Amino acid sequence: MEAKVAPLRQRSAWKALEEHYQKLRNVHLSTLFSEDPRRGERFAAEAAGLYLDYSKHRITGETMRLLLGLAEEAGLRARIGAMFAGEQINVTERRAVLHVALRAPRGASIMAGGKNVVPEVHAVLDRMADFARRLRGGAWTGHTGKRIRNVINVGIGGSDLGPVMAYEALRHYSDRNLTVRFVSNVDGTDFAEATHGLDPAETLFIICSKTFTTLETMTNAQSARKWSLEALGDERAVAKHFVAVSTNAAEVAKFGIDSQNMFGFWDWVGGRYSMDSAIGLSTMIAVGPEHFRAMLDGFHAIDEHFRTTPLERNLPVIMGMLAIWYNDFFGAQTVGVFPYEQYLKRFPAYLQQLTMESNGKHVTLDGAAVDYQTGPIFWGEPGTNGQHSFYQLIHQGTKLIPCDFIAFCQALNPLGRHHDMLIANVIAQGEALAFGKTAEQVKAEGTPDWLVPHRVFEGNRPSTTILAGQLTPATLGKLVALYEHSVFTQGAIWGIDSFDQWGVELGKVLAQRIIPELESPAEPQLKHDSSTNGLIRRYREHRKKTG
Ligand code: F6P
């Protein structure tokens with residue numbers, strides 16, 4: 001029997017942090033920097049070519065010591081070990097959590113349920129690579145013999161956000177002769193727009209769904225089937241225009257996709273941790289198997305860093321513990337993520353599922369209600385666009401928003417001075433947020449007294465800057481793994497299950513009940529609350545009028 005650990009807020013490390021917070025809460029970053037001329041180097045760490053500058057955080061050496069003490073007291077090292085050992089750390093679903101096995105090198109050994117899963121992972125990767133090569137090279141043709149020029153990924157949540165994000169992120173490396181599109185929403189507009197202008201004879205659908213029962217994906221898959229078959233006029237066309245990625249072979253077969261055209265993965269891969277499994281087939285088709293494997297190597301480099309590096313130099317641990325510091329001690333509600341790289345425009349959306357579906361939990365592993373805040377809200381847009389929209393609130397609003405800035409030293413599309421300007425902006429934002437501008441400085445510029453308060457920047461607003469060489473497939477893998485393990489770290493401290501998602505169930509069940517109430521020709525007996533009943537009636541009346 002494991003010794004029962006005290007609830008989080010009663011642990012000595014937590015209490016020490018509470019006290020420390022009282023001392024530090026009003027200390028300005030300007031003071032911290034002037035007290036320590038080498039602060040910028042002291043609070044920086046590097047791994048696998050990712051440089052993490054966390055010096056513009058409201059921390060001292062003592063803060064980090066206490067945060068890492070909390071991590072030790074929460075048993076973070078043992079939790080990391082348990083994940084890599086294939087233990088069922090997703091307790092509510094009784095599953096191992098082994099996305100790290102998806103990027104383990106051939107020949108490695110990672111056990112789940114008494115079996116080394118790495119050979120199976122590579123067997124699927126090899127089949128994916130073979131398929132991707134045939135499709136990219138024109139050997140895999142459509143039903144009429146025409147070359148496939150369009151690939152549409154149909155999936156939602158983790159079966160969409162990872163693939164879209166990776167496709168956008170790696171577009172520079174993609175085959176520009178292929179059109180790659182994504183359908184996720186059950187809103188018919190998504191399907192209509194994704195197929196607009198495409199020839200069904202040249203279009204392949206990848207139906208991505210871990211469960212192969214998700215309403216949105218199955219509805220879109222049926223519409224895709226209809227769209228293809230109406231044009232191609234032959235059931236046999238399905239074999240050439242549909243492939244599936246799933247863990248549910250029985251449902252895939254029911255849909256009519258041959259098991260030869262199915263790429264599997266495993267219940268130990270969570271949906272939001274699956275972009276490097278067969279769910280990444282569209283990515284592999286777009287960028288080619290070599291680039292895909294380079295991305296996996298990038299993931300693996302950070303996995304190894306996370307597994308083996310002492311906590312004080314461990315990038316995901318540092319990021320995760322800083323997230324705890326602001327979320328639980330400063331009361332910050334959100335984290336802004338701002339990639340200064342246009343190709344990462346979908347990265348914040350991807351992170352939203354990764355972070356919020358993982359750590360949006362209200363009970364601990366043993367079912368006790370938490371009495372502290374868990375997962376913060378993640379949001380963001382690429383820089384510099386955000387600067388001309390919502391940064392005002394970050395600089396001068398009343399909320400504390402820790403920011404992650406992500407930037408690359410080398411441009412993928414060098415164009416005059418553009419890249420220097422981009423990087424000057426990201427560096428300037430961190431500086432402005434941290435140090436601000438005092439009333440004296442504003443006055444000294446000749447600002448009239450009445451305008452001074454409006455032009456003052458308080459500063460003391462924290463940010464992390466992640467700086468890497470260039471956005472390559474490997475760098476992308478490293479970045480994603482960095483956030484995955486930061487999420488893991490936070491979940492381990494909060495003592496929650498970061499790998500289930502029961503919170504999405506209720507809405508799904510209620511929607512299933514409401515669908516027939518919207519569609520039935522006879523007036524349904526509505527037994528919801530008065531608001532829900534009223535909305536259903538209004539929709540039905542409108543539907544009656546418009547047909
Ligand atoms: O409803 C949430 C969710 O289960 C996500 O966790 C998942 O990524 C998404 O739906 C899609 O699920 P599937 O891949 O099984 O269609």
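Here are three short exercises on aromatic rings, a charge over a ring, and the ligand site.

The model is predicted, so local features need pLDDT of at least 70 and side-chain atom pairs count only at pLDDT 80 or more, while totals for chains, interfaces and linings use all residues. Residues are numbered from 1 along each chain as its sequence is written, and side-chain values use heavy atoms, with hydrogens and water left out.

**Exercise 1.** Classify the ring pair of tyrosine 21 and phenylalanine 330.

*Solution.* Start with the rule: rings of Phe, Tyr and Trp (its six-membered ring) pair if their centres lie within 6.5 Å; planes under 30 degrees apart are stacked, over 60 edge-to-face, the rest tilted. Here the centres are 4.9 Å apart and the planes stand at 80 degrees, so this pair is edge-to-face. Next, try phenylalanine 390 with tyrosine 391: at 5.5 Å and 40 degrees, that pair is tilted. Across the whole structure, the search gives 30 aromatic pairs.

**Exercise 2.** Find which ring the charged end of arginine 225 sits over.

*Solution.* The test asks for NZ of Lys or CZ of Arg within 6 Å of the ring centre and within 35 degrees of the ring normal. For arginine 225, the ring is that of phenylalanine 255, with its centre 5.5 Å away.

**Exercise 3.** Locate polar partners of the ligand's oxygen atoms.

*Solution.* Begin with serine 159, where a side-chain N or O atom is 2.7 Å from a ligand oxygen. Then take lysine 210: a polar backbone atom also lies 2.7 Å from an oxygen of the ligand. Finally, glutamine 353 brings a polar side-chain atom to 3.1 Å from a ligand oxygen.

Key
A polar contact is a pair of N or O atoms within 3.5 Å; within protein, one must be able to donate a hydrogen and the other to accept it, and residues adjacent in sequence count only if both atoms are side-chain atoms.
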